[in-house]
Amino acid sequence: MLPRWVVARKLAARGQVLSGSVATGELSRLAAAVLATEAAVEVELAFAPGDEVAEIHGHIRVGVTLTCEHCLEPVEIALAAAPALGLVRGDEDAVQLPARLEPCFVPTEELDLFDLVEEELLLALPIVARHQEACGWLGSLDPVAPETAESPFRVLERLKPQR
């Protein structure tokens, strides 16, 4: 189990790696965004002093169940995030970050790891969740060949009163 609060800059100065899990019950915003989750999120975070700012790199993984946007049935997705973060105290520090790093705002000495994990997973959610293989919606979509399709104007012509 990962600790909730850490002194991130101290961990970075030591070059420490934290690995463990976070119970998904602790991640209320993630729970609200998905149908279901696995019991725990696997987390590995490497803290490093970096050249310009303290950095966090890692891997975060959890299985979630979302609603397929095509067939509206549940779809299981392996959600993964690979954060590359620079620890900053405010906006002026964030502007100075190298392009390879995203800002991680830590105005005080302590960083809430559960919040960091939850943010990264929310950002990793797909914009449109769907089955990788053909689902019910895709399987029922059979385009009608143009030569067999009846023109909508012919249908209207039959409905028009004959004189």
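## Pocket, core and strand pairing around S5

The largest pocket is lined by 17 residues, and those that lie nearest its centre are Pro103, Cys104, Phe105, Leu116 and Glu119. The structure is a predicted model, and the pocket found in it holds about 290 Å³ of space. Sorted by class, the lining comprises 11 nonpolar residues and six charged residues, with no polar ones. At least two lining residues come from each of strand S7 (84-88), strand S8 (102-105), strand S9 (110-112) and helix H4 (113-124), and H4 gives the most, with five residues.

### Ile56 and the nonpolar cores

Ile56 belongs to strand S5, which spans residues 55-67. Is Ile56 buried or exposed? Its relative accessibility is 0%, and because buried means under 20%, Ile56 counts as buried. Leaving aside residues up to four places away in sequence, Ile56 touches Leu45, Ala46, Phe47, Pro83, Ala84, Leu85, Leu87, Leu111 and Leu116; Leu116 is also one of the residues that lie nearest the centre of the largest pocket. Between Ile56 and Glu44 the separation is 12 residues in sequence and 10 Å in space, taken from C-alpha to C-alpha.

In soluble globular proteins, nonpolar side chains tend to be buried together. Here the largest nonpolar core has 39 residues, of which Val41, Phe47, Leu111 and Leu121 touch the most other members. Two or more residues of this core are given by each of helix H1 (8-14), strand S2 (17-23), strand S4 (40-48), S5, strand S6 (74-81), S7 and H4. Another core, of five residues, lies apart from it and includes Val88, Ala94, Leu97 and Leu101.

Val41 has contacts with Gly20, Ser21, Val22, Thr24, Leu27, Ile60, Arg61, Val62, Val117 and Leu121, again not counting residues up to four places away in sequence.

### Strand pairing of S5

Which strands pair with S5, and over how many bridges? The table lists the partners together with the sense of each pairing.

| Strand pair | Sense | Bridges |
|---|---|---|
| S5 and S6 | antiparallel | eight bridges |
| S4 and S5 | antiparallel | seven bridges |
| S5 and S7 | antiparallel | three bridges |
| S3 and S5 | antiparallel | two bridges |

Individual residue pairs locate these contacts along S5. On the side of S6, Thr65 stands opposite Glu76, while Ile60 stands opposite Ala81. Towards S4, Arg61 has Glu42 opposite it, and in strand S3, which covers residues 36-37, Thr37 stands opposite Val64 of S5. The bridge partner of His57 in S7 is Ala84, a residue that Ile56 touches as well.

Two of these pairings are also hairpins. S4 and S5 form one with six residues between them, and Gly50 in that turn has a positive phi of about 70 degrees. S5 and S6 form another, likewise with six residues between them, in whose turn Leu72 has a positive phi of about 65 degrees.

In a regular strand the side chains alternate between the two faces of the sheet. For S6, the covered face consists of Val75, Ile77, Leu79 and Ala81, whereas the uncovered face consists of Pro74, Glu76, Ala78 and Ala80. The two S6 residues named above as partners of S5 therefore fall on opposite faces, with Ala81 on the covered one and Glu76 on the uncovered one.

Technical notes
Residues numbered from 1 in each chain as written. Predicted model: local features only at pLDDT ≥ 70, side-chain atom pairs only at ≥ 80, totals over all residues. Heavy atoms only, no water. 1 Å grid on protein atoms, 1.4 Å probe; cavity = no way out; pocket = protein on both sides within 12 Å on 5 of 7 lines; lining within 4 Å. Points joined across faces, edges and corners; volume = space filled by probe spheres on them. Helix = DSSP H or I, 4+ residues; strand = E, 2+ residues; numbered from the N terminus. Nonpolar A, V, L, I, M, F, W, Y, C, P; charged D, E, K, R; others polar. Buried < 20%, exposed > 50% of the residue type's maximum accessible area, 1.4 Å probe, protein only. Contact = heavy atoms within 4.5 Å. Core = buried A, V, L, I, M, F, W, Y, C linked by side-chain atoms within 4.5 Å. Pairing = 2+ DSSP bridges.
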